[in-house]
Amino acid sequence: MNYGFFIGATGDNLTDLLEAQPACGIKIFMGSMHGPLLVDQESALESIFATGDRLMTMRCYGKPYSMT
């Protein structure tokens, strides 16, 4: 059996995202989530994308995003 768990990104847990073990990847909620797991600040998203070296999955419907 092969399975893994994703660590949830927040606007201020970049260190945890990079160091958490075991975690197969990072899950980012963008747009339609509320609470601490919503990452909607562009600077936080840029930091996660620039330094994250794991598999990333995003839930980002409900609000248009342009990652350019």
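**Group meeting talk: a three-stranded sheet and an aromatic pair**

Let's start inside the sheet. Lys27 stands opposite Thr57 in β3. Lys27 also has a partner on β1: it is the bridge partner of Gly8. So keep your eye on Lys27 while I build the picture around it. One caution before that: this is a predicted model.

First, the overall layout. The chain has 68 residues, and 28% of them are buried. It holds 2 helices and 3 strands. Read from the N terminus, the order of elements is β-α-β-α-β.

Now the sheet itself. It is open, with 3 strands in the order β1-β2-β3, and the pairing is parallel. The edges are β1 and β3, and each of them pairs on one side only. From one strand to the next, the twist averages 30°. In general, strands of a sheet pair through backbone hydrogen bonds, parallel or antiparallel.

Let's count bridges. How many join β1 to β2? There are 3 bridges here, and the two strands run parallel. Gly8 to Lys27 is the contact I mentioned on this side. Turn to the other side. Strand β2, residues 25-29, pairs with β3 over 5 bridges, again in the parallel sense. β3 itself covers residues 55-59. The Lys27 and Thr57 position belongs to this side.

Is β2 largely enclosed or open to solvent? Of its 5 residues, 4 are buried, so β2 is largely enclosed by the rest of the structure. The cut-off for buried is under 20% relative accessible area.

Now move to the start of the chain. Phe5 sits in the segment before β1, and β1 is residues 6-8. Is Phe5 buried or exposed? Phe5 is exposed, because its relative accessible area is 61%, and the cut-off for exposed is over 50%. Tyr3 is exposed as well, with a relative accessible area of 59%.

What do these two rings do? A search of the whole structure finds 1 aromatic pair. That pair is Tyr3 and Phe5, arranged edge-to-face. The ring centres are 6.1 Å apart, with 85° between the planes.

Add Met1 to the picture. Met1, Tyr3 and Phe5 make a nonpolar surface patch of about 520 Å².

To wrap up, two places to look. In the sheet, look at β2, with 4 of 5 residues buried. Before β1, look at Phe5, which forms the aromatic pair with Tyr3 and shares the nonpolar patch with Tyr3 and Met1.

Terms used: Residues are numbered from 1 along each chain as its sequence is written. This is a predicted model: local features need pLDDT of at least 70, side-chain atom pairs count only at pLDDT 80 or more; totals for chains, interfaces and linings use all residues. Side-chain values use heavy atoms; hydrogens and water are left out. Patches are made of residues with over 30% relative accessible area and no salt bridge: like charges are joined within 9 Å, nonpolar side chains (Val, Leu, Ile, Met, Phe, Trp, Tyr) within 5 Å. Accessible areas come from the Shrake-Rupley method with a 1.4 Å probe; for residues, only the protein chains shown count as cover. A salt bridge is a side-chain nitrogen of Lys or Arg within 4 Å of a carboxyl oxygen of Asp or Glu. Buried means under 20% relative accessible area, exposed over 50%, partly exposed in between (1.4 Å probe, protein chains only). Rings of Phe, Tyr and Trp (its six-membered ring) pair if their centres lie within 6.5 Å; planes under 30 degrees apart count as stacked, over 60 as edge-to-face and the rest as tilted. Two strands pair if DSSP finds at least two bridges between them. Axes are lines fitted to C-alpha atoms, for helices over the stretch in contact, and angles run from 0 to 180 degrees between N-to-C directions.
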